[in-house]
Amino acid sequence: MDTMNETIKQAPLLEARNLTKVYEDGVKALDNLDLQVLPGEIYAMLGGNGAGKTTTINIFLDFIQPTSGQAFINGINANEEPLEAKTNIAFVSENVQLYPNFTAIQNVDFFVRLGGRHNYSRSDYETALNRVGLQSQAFDKKLKDFSKGMRQKCGIAIAILKDSPAILLDEPTSGLDPKAGKEFIRLIGELRDEGKGILMSTHDIFRAKEIANHVGILNNGILVAQKTQAELKGVNLETLYVEYMAGYMDEAEPSLVNNLSEA
Amino acid sequence: MTKLLIEKELKNILLSPKFVATFLVCSILILTSVYIGIQEYHNAVTQFEANQQIARQDIEQASNWNRVRNIAHRAPSPMQVFVSGLHFDIGRLSGISDFQDIKLIRSPYSDETLFAIFRFIDFAFIVQVVLSLFAILFTYDAINGERENGTLKLTFANSVSRAQYLISKFVGIWLGLIVPLLIPILIGLLLIMILDVPVSGTEWISIGSFIGLSVLYITFFIGVGILVSSLTRKSSLSFLLLLVIWIGGVLILPRMSIMAAGQLVPVQSVAQLESKQEAFRRARWDQYSSQLSQKWRARSEEMSGMTNEERQAYRDDKEWEWLEEDDAARKQVQIDITDNNRKLIEETDNRKKIQEQLAFNLARISPASSFRLAAMNLAGTDIDMKNRYEESMRAYRDDFVEYTEQKQAESGNQGGFRINVSSDSGVKIDFGRDDQTLDTSGMPQYTAPVVTAGMAVSSSILDFGLMGIFIIIIFGAAFLAFLRYDMR
């Protein structure tokens, strides 16, 4: 029984297998991407604009179809059975907007029920909003008066309440002030500790290093480096990342990439 | 899930500031138009009754039944409160007598030209122009606005199918716009009842059908808004496109189709018709004159070589025959002219009908025209209103003339007058009547032509059907567009 539980626990919540996406204009946004996010793990995808991070997330959400390869959410093919797959995932976008004429509670209520959770009371919503650090005076205020940080908090509260095994975060800390960013990272750390599998795209190398169990660097759709948190301790990720971002390192110097991957 | 999405859509509309503003504007417009329409109706009824009374008194004051002239008035209809149609443009009365043809004259707008400039705002105008614009205002960003907002992505990060989303979107917006609009409409109907407008059962059916038609029309524009919003990425672009579509469909296309029909099927003007009639009349009389001259020449030739006495005897013998012959020829000329006039009028009328039909069919490309035509048919203020009234007035004229002739025969008064000139009393004109007024009891009363509910509905059924087809096409297109919509 223990072995069986162990097996279930170790099945990836999010998995990309040879994921390739070539857009109609011929641009290759993803090239044979392989990655896995296990329960209780945070996987941070690092990369510049156009590296393929958002494309990966969009394929998991079935907003675009992969040219080849598969994306699985909790073992369900995200593009073949998208409705079924999406019951297992929560998503927080880069810039959570929600409905400006709804209050925080009304927005949370709508999106949480849309996520299939109908058994929450107002106090549950309040608890979740408190947990993400939203001031209680803001609960019944319309979203149009909210700052980006406050909206982002609502977004994460929705993800918490949806209580799905996997979470996708698209640049969740971009545009947040340092305090809000730190708060956000603390929260996703808590979610990870609850056993969620989190795939996060980010530019924020410092926070990625701080929180992620795995870091993958994407460049022009290729996963050029993949490291665990433990492995990162011995590597100057910042330098490496900046070099990749600046295009200093490419396929002409595969040894370092291989070294990184194998390290 | 669908229920949740519909609820959200409904709430999103009801909580938006633009809803409060548009709801207030619509309510004020609808209620004001109905209230003013009711006042207009009551004024028209008062004027109608007074005019009828005056017409009757004029008859009673007449010296005798010979050449008595009545006036028939178009009766005001409660339906004009909702759809004034051509009510203000068509003459409201016609003289009724055996010596003049029926012609509706003195339209309300010709009497009060000021109101003709900007025209009367009726309920049909509010639906056709204002509500369709509001439907676009609420739907131009239905899809692309959610994309710009990020809520589309967030919504579809859940197990929501595109079909479910689009149907919910449509139902939610539909309920959010139509149900609140029904409130001022129902208050308007209540006003009709409270302010004593006598609406018959048939008219209630027409009003109900008209409200149904309005709902279909607004539904169409909701569909157009969703379609264009599903075809574009930016709400600013969809708003611009919809505005162009709206201007084209509501304001330009109906007028263009009338102009196109005018070009494709030209119909001669009244002046052209009259000049043709005049030309024929002259030609025919000229022909008659020349034939008469020839005849007289031939008759003279017959008498050549005769002595004066023989000639006189021959003339005396033939005179009656010749007179009859000439008279018959003259009568034939009159008949020919009358026939030709009738033929020319018929030709023009037929051509007009073809032109009308073509114009209407072309105009029906735009649902705004379909709506307007069906609304006027339901209200009985359509293009046939003039014909219906003129026909019923012609029928009434026959009854009236028969009545006056009978009265005339009974009274024995031929309507002459006697002038006595005497050195004692001077000039005295005697109309041969006593001071009694004419007895108008039993005089046939003119009644307006009845448009039954069946007639009204059947004449608008084509436009109802077209509206239904338009809606199905638009929603099919919106559905296909949304299936391919890029959520990112």
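# A guided tour of chains A and B

Start by colouring chain A by domain: the assignment gives domain 1 as residues 1–23 + 36–88 + 166–237 + 246–263, and domain 2 as residues 100–163. Keep in mind as you look around that this is a predicted model.

**Stop 1: chain A as a whole**

Switch to a cartoon view of chain A. Its secondary structure comes to 11 helices and 10 strands. Of its 263 residues, 45% count as buried. If you draw the contacts in chain A with a separation of 6 or more, 69% of them are between residues 24 or more positions apart.

**Stop 2: where the two domains meet**

Now show both domains of chain A together. Here 11 residues of domain 1 are in contact with 9 residues of domain 2. Which helix should you select on the domain 1 side? Choose H7 of chain A, residues 178–193, which gives the largest share of that side with 5 residues. By class, the domain 1 side has 7 nonpolar, 2 polar and 2 charged residues.

**Stop 3: the six-stranded sheet**

Next, select the strands S6, S7, S8, S3, S9 and S10 of chain A. In that order they form an open sheet of 6 strands with mixed pairing. Which strands lie at the edges? They are S6 and S10 of chain A, each pairing on one side only. On average, neighbouring strands of this sheet are turned by 15 degrees against each other, direction ignored.

Zoom in on S7 (residues 166–170) and S8 (residues 197–202) of chain A, a parallel pair with 5 bridges. Label Leu169(A) and you will find Met200(A) of S8(A) opposite. Then add helix H2 of chain A, residues 53–60, which packs on the sheet and touches S3 (41–46), S7, S8 and S9 of chain A. The direction of H2 makes about 145 degrees with that of S7(A).

Move on to S9 (residues 214–219) and S10 (residues 222–228) of chain A. These two pair in the antiparallel sense over 6 bridges. Gly216(A) stands opposite Gln226(A) in S10(A). The hairpin of S9(A) and S10(A) has 2 residues between the strands, and Asn220(A) takes a positive phi near 50 degrees there.

**Stop 4: two loop residues to click on**

Most residues other than glycine have a negative phi. With that in mind, select Asn74(A), which is not a glycine but has a positive phi of about 50 degrees. You will find Asn74(A) in the loop between S4 (68–73) and S5 (76–77) of chain A. Is Asn74(A) buried or exposed? It counts as buried, because it has 20 C-beta neighbours inside 10 Å.

Next select Asp163(A), another residue that is not a glycine, with a positive phi of about 55 degrees. Asp163(A) sits in the loop between H6 and S7 of chain A. With 16 other C-beta atoms within 10 Å, Asp163(A) is partly exposed.

**Stop 5: helix H4 of chain A**

Select H4(A) and show its side chains. How many of the 11 residues of H4(A) are buried? The count is 10, so this helix is largely enclosed by the rest of the structure. Among the buried residues are Val108(A), Phe110(A), Phe111(A) and Leu114(A). To see what surrounds them, add H5 (122–131) and H6 (148–162) of chain A, together with H1 (2–14) and H7 (151–156) of chain B: the buried residues of H4(A) pack against these helices. Just after H4(A), look for Gly116(A), which takes a positive phi of about 95 degrees.

**Stop 6: where chain A meets chain B**

Keep both chains in view. At this interface, 22 residues of chain A are in contact with 19 residues of chain B. On the chain A side, H3 (82–86), S6 (89–92) and H4 (104–114) each supply at least two residues. The largest share of this side, 4 residues, comes from H4(A). The chain A side has 12 nonpolar, 8 polar and 2 charged residues.

**Stop 7: a helix pair in chain B**

Finish by selecting H9 (residues 201–231) and H13 (residues 367–379) of chain B. Their axes come within 9 Å and cross at roughly 175 degrees. That crossing angle is why H9(B) is roughly antiparallel to H13(B). In H9(B), the residues that meet H13(B) include Phe210(B), Leu213(B) and Tyr217(B), while those of H13(B) include Phe371(B), Ala374(B) and Leu378(B). The residues of this contact divide into 10 nonpolar, 2 polar and no charged.

Definitions and conventions
Residues are numbered from 1 along each chain as its sequence is written. Chains are lettered from A and ligands numbered from 1 in the order in which they are written. This is a predicted model: local features need pLDDT of at least 70, side-chain atom pairs count only at pLDDT 80 or more; totals for chains, interfaces and linings use all residues. Two residues are in contact if their C-beta atoms, placed from the backbone, lie within 7 Å. Ala, Val, Leu, Ile, Met, Phe, Trp, Tyr, Cys and Pro count as nonpolar, Asp, Glu, Lys and Arg as charged, and the others, Gly among them, as polar. A residue is buried if 20 or more other C-beta atoms lie within 10 Å of its own, exposed if 12 or fewer, and partly exposed in between; C-beta atoms are placed from the backbone. Two strands pair if DSSP finds at least two bridges between them. Axes are lines fitted to C-alpha atoms, for helices over the stretch in contact, and angles run from 0 to 180 degrees between N-to-C directions. Angles under 35 degrees count as roughly parallel, over 145 as roughly antiparallel, 65 to 115 as roughly perpendicular and the rest as oblique. Domain bounds come from an automatic or database domain assignment.
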